[in-house]
Amino acid sequence: MSLVIHFTEPAKTLAEMHRILKPGGTLIISNGDPKALSAGNRFRWLARGIFYGITRHRVKPPKGFAKNIVAEKELCDLLLKTGFKVVSVETFRDESSSANMPVEYIKAVKN
């Protein structure tokens, strides 16, 4: 799952994922985490995203854009509360720019 929790209510989305997975089923989430950036770099990331969205794709950001972004710890806590066991977390960073958002891959199993 990628970007789904950013455009939906995270707790409800994870509850639905828990409902549809079989016991022992694996959920892998690709989670962009701008909260891992400093305030200045987070602003640069957001401004770049809005600028490219408008100039390259000719669309404005969707209503509620960036409202439901969750950091790694928040997401892992939500997974635990929803009945998942977090198996692993791996973070990838593109060091070519300090404003590049890190991406976390979280693997969880339904209890």
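1. Does Tyr-105 count as buried, partly exposed or exposed? In this predicted model, Tyr-105 counts as partly exposed, because its relative accessibility is 38%, which lies between the cut-offs of under 20% for buried and over 50% for exposed. The residue is a useful place to begin, and the points below return to it after the overall layout has been set out.

2. On the overall layout, the protein has three helices and three strands, and from the N terminus on these elements follow the order α-β-α-α-β-β. The C-alpha trace spans about 45 × 30 × 20 Å along its principal axes. Of the 111 residues in the protein, 35% are buried, while the accessible surface comes to about 7100 Å², with 58% of it belonging to carbon and sulfur atoms. Among contacts with a separation of 6 or more, 71% are between residues 24 or more positions apart.

3. On helix α1, which covers residues 10-20, the buried residues are Pro-10, Thr-13, Leu-14, Met-17 and His-18. Seen down the axis of α1, these buried residues fall within an arc of 140 degrees, and they therefore line one face of the helix. The face turned away from that buried side carries the exposed residues Lys-12 and Arg-19. The cover over the buried residues of α1 includes the strands β1 (26-32), β2 (84-92) and β3 (103-110), together with the helix α3 (72-82).

4. Helix α3 can be read in a similar way, beginning with its buried residues, which are Leu-75, Cys-76, Leu-78, Leu-79 and Thr-82. Viewed down the axis of α3, they fall within an arc of 160 degrees, so they line one face of the helix. On the face turned away from the buried side, α3 carries the exposed residues Lys-73 and Lys-81. The buried residues of α3 pack against α1, β1, β2 and β3, and just after the helix Gly-83 takes a positive phi of about 105 degrees.

5. Ahead of α1, in the segment that precedes the helix, lies His-6, which counts as buried because its relative accessible area is 8%, under the 20% cut-off. Not counting residues up to four places away in sequence, His-6 touches Asn-31, Gly-32, Asn-68 and Ile-69. With one of these, Asn-31, the side chain of His-6 also makes a polar contact of 3.0 Å.

6. Returning to Tyr-105, the count of aromatic pairs in the structure comes to one. That pair is formed by Phe-92 and Tyr-105, whose arrangement is edge-to-face, with 5.5 Å from centre to centre and 80 degrees between the planes. The pair links distant parts of the chain, since Phe-92 belongs to strand β2 and Tyr-105 to strand β3, 13 residues apart. Phe-92 is partly exposed, with a relative accessible area of 42%, and Tyr-105, as stated at the start, is partly exposed at 38%.

7. How many salt bridges does a search of the whole structure find? The search finds three, and the general background is that side chains of opposite charge can pair when their charged atoms come close. One of the three joins Glu-16 and Arg-19, with the closest N and O atoms 2.7 Å apart. Because Glu-16 and Arg-19 are three residues apart in helix α1, they are separated by about one helical turn. Glu-16 is partly exposed at 33% relative accessibility, whereas Arg-19 is exposed, with a relative accessible area of 57%.

8. Within helix α3, Asp-77 forms a salt bridge with Lys-73, and the closest N and O atoms are 3.0 Å apart. These two residues lie four residues apart in α3, about one turn of the helix. Asp-77 is partly exposed, at 31% relative accessible area, while Lys-73 is exposed, at 60%.

9. A further salt bridge brings together the side chains of Lys-35 and Glu-74, at 3.2 Å from N to O. This pair links distant parts of the chain, with Lys-35 in the loop between β1 and α2 (39-57) and Glu-74 in helix α3, 39 residues apart. Lys-35 is partly exposed, with a relative accessible area of 39%, and Glu-74 is likewise partly exposed, with 35%.

Definitions and conventions. Residues numbered from 1 in each chain as written. Predicted model: local features only at pLDDT ≥ 70, side-chain atom pairs only at ≥ 80, totals over all residues. Heavy atoms only, no water. Buried < 20%, exposed > 50% of the residue type's maximum accessible area, 1.4 Å probe, protein only. Polar contact = N/O pair within 3.5 Å; in protein donor to acceptor, adjacent residues only side chain to side chain. Contact = heavy atoms within 4.5 Å. Arc of directions from axis to C-beta. Phe/Tyr/Trp six-rings, centres within 6.5 Å; stacked < 30°, edge-to-face > 60°. Salt bridge = Lys/Arg side-chain N within 4 Å of Asp/Glu carboxyl O. Areas by Shrake-Rupley, 256 points an atom, 1.4 Å probe, with all protein chains shown as cover.
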